[in-house]
Amino acid sequence: MACYGQVATLKSAVKLEQEQQFLIAKKLQELTGSKNIKLKPVFDESLIAGFVVEYGSSQIDLSVKGSIERVKAQLDTVEV
């Protein structure tokens, strides 16, 4: 079942160009099966680089900050 007219929050470390936002929205539409996703851009320099997309209860984290946090979580589980 496809959703229509959904809004996704796009957090990025720098302002993204319209073309970049379009490509992200297009990929999100492919992943979700939604016909019309509007992006709500939010600037968040704490991400260092990359972006995070929040859509409904899902999150796609392609930020440097998220990568660092995932590596840290893995290292915290390693016994030395």
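Which residue in E4 does Glu-54 stand opposite? In this predicted model, the partner is Gln-59. The two residues belong to a pair of strands, E3 (residues 51-55) and E4 (residues 58-61), which run antiparallel and are joined over four bridges. A hairpin links E3 and E4, with two residues between them. One feature of the turn is worth a look on the backbone: Gly-56 has a positive phi of about 60°.

Stepping back from the hairpin, the sheet as a whole comes into view. It is an open sheet of four strands in the order E2-E1-E3-E4, with mixed pairing. Strand E2 (37-43) and E4 stand at the edges with a single partner strand each, so one side of each has no neighbour in the sheet. On average, neighbouring strands of this sheet are turned by 20° against each other, direction ignored. On the other side of the order, E1 and E2 pair in the parallel sense, over seven bridges. Within this pairing, Ala-8 stands opposite Leu-39 in E2.

Next to Ala-8 in the numbering comes Thr-9, also a handy residue to follow, found in strand E1 (residues 6-12). Thr-9 counts as buried because its relative accessibility is 18%, under the 20% cut-off. Leaving aside residues up to four places away in sequence, Thr-9 touches Lys-40, Val-42, Val-52, Val-53 and Glu-54. This brings the account back to Glu-54, the residue opposite Gln-59.

The sheet also has a helical companion. Helix H1 (residues 18-32) lies across E1, E2, E3 and E4, and runs at about 130° to E2.

How values were computed
Residues numbered from 1 in each chain as written. Predicted model: local features only at pLDDT ≥ 70, side-chain atom pairs only at ≥ 80, totals over all residues. Heavy atoms only, no water. Buried < 20%, exposed > 50% of the residue type's maximum accessible area, 1.4 Å probe, protein only. Contact = heavy atoms within 4.5 Å. Pairing = 2+ DSSP bridges. Axes fitted to C-alpha atoms, helices over the stretch in contact; angles between N-to-C directions.
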